[in-house]
Amino acid sequence: MINYRNTTPSLGYKSFGKQRGIALITVMLVLALIVIIAAGMTSRLQLLMNRSINQQAYQQGMWAALSGEQLVYKVLEQDYKDNKKVTHLKQFWASEGLAFPIGDGMLSGKVQDLHSCFNINALAVKPAQPGGKNPQRDKFEILLLSVGLESYVAELLTSTIGDWVDDDRQMSGSLGAEDENYASKVVPYLAANSSMVTITELMAVEGVTAAIYRKIRPLLCVLPALNQRININTISADNAHILVAMFNEKIDLSNAQAIIAARPEEGFTNIADFFALPEVKSAGTLSAEDKKQFELRSDDFRAQLTFSLQDRSFTVESIYQRNAKQELVVVSRQFGKIE
Ligand SMILES: [Ca+2]
């Protein structure tokens, strides 16, 4: 005889408990799955939101910085209208420390006259006579010596940088560097063999270390043209080394600094006044070619403009050029801050 009271109910009770356990585990698994999916969705949503915010900030920064480019354009045009023959450091374009609020952000920047520095692309000019030497290379070597580089380093860099910008593949003496030097590096590349577009290319040239780059960078610039034109009205006292080089070392640094100190506040208005300075006369008679390199006005400028908003910033670097028709145009534009 079967005792239902002792067997069946107890078996049914156990089965019900087991089912309840399995249901609980299933519910927990489903819950865990939902949590995982929700977390994934939240993370994805956050990523999309950040991306959207970044894109919006990029667009805002870019247009704000480009508005700065237009502002500089207007300023350069105004200075040109005020005085077409002289560019000097008391004009609006040379104002320092200016900042303009745009919305919740701030636009700031600086403008540099690209005739107040040594145009490194001038090293690419072919010598006038076969077997001769580009006089700009001698001047460049003097410049490097003047800022304190050793004579071997000055000679090396004159050759390697000259080889980088000239269009041939012939090494300049034993210290030059052409494709084969760069092709044998751990990460191989080739020499540009054309004008530099940005001064940061210097960092790729044989012999240019970070310390050397930092030392010579403020004295140098790159222009689309290969000629060397130095505006004596805009050279800063720190860059007096350029005058030492331009005068082929016939004046020393103290004389170069004295020339800049003797400069009228609004610059020389007549180039003859510059050549009449006793420090300039002390250099002796200058060749017509050497005289031609000095000027009183500039046609090339570089503006570096930064729009800052909270912890974000956006920089645009624009190069302006006044062409043969005397029209000011933006010839290049680069986004991001590179010094
Ligand atoms: Ca070359």
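Reader: In what order do the five strands of the open sheet lie, and how do they pair?
Author: The order is β1-β2-β7-β8-β9, and the pairing is antiparallel. At the edges stand β1 (99-102) and β9 (328-335), each pairing on one side only. From one strand to the next, the twist averages 25°. Its axes are lines fitted to C-alpha atoms, for helices over the stretch in contact, and angles run from 0 to 180 degrees between N-to-C directions.

Reader: What kind of model is this, and how are residues numbered?
Author: This is a predicted model: local features need pLDDT of at least 70, side-chain atom pairs count only at pLDDT 80 or more, and totals for chains, interfaces and linings use all residues. Numbering starts from 1 along each chain as its sequence is written.

Reader: What makes β2 and β7 a pair?
Author: Two strands pair if DSSP finds at least two bridges between them. Eight bridges join β2 (residues 105-113) to β7 (residues 300-309), so the rule is met. The two run antiparallel. K110 stands opposite Q304 in β7.

Reader: How many helices and strands are there in the chain?
Author: The chain has 10 helices and nine strands. They are DSSP runs numbered from the N terminus: helices are H or I with at least four residues, strands are E with at least two.

Reader: What radius of gyration does the chain have, set against a compact globule?
Author: The chain has 33 Å; a compact globule of 339 residues would be near 20 Å. The radius is taken over C-alpha atoms, and the globule rule is 2.2 Å times the number of residues to the power 0.38. Along the principal axes, the C-alpha atoms fill a box of roughly 135 × 50 × 35 Å.

Reader: Why is N248 called partly exposed?
Author: Count other C-beta atoms, placed from the backbone, within 10 Å of a residue's own: 20 or more is buried, 12 or fewer is exposed, in between is partly exposed. N248 has 16, so it is partly exposed. N248 lies in the loop between α6 (241-246) and α7 (253-261). Its phi is positive, about 55°, although N248 is not a glycine. Most residues other than glycine have a negative phi.

Reader: Is Q326 buried or exposed, and where does it lie?
Author: Q326 has 9 C-beta neighbours inside 10 Å, so it counts as exposed. Q326 lies in the loop between β8 (312-322) and β9. Phi of Q326 is positive too, near 65°.

Reader: How many of the 339 residues count as buried?
Author: The share is 30%.
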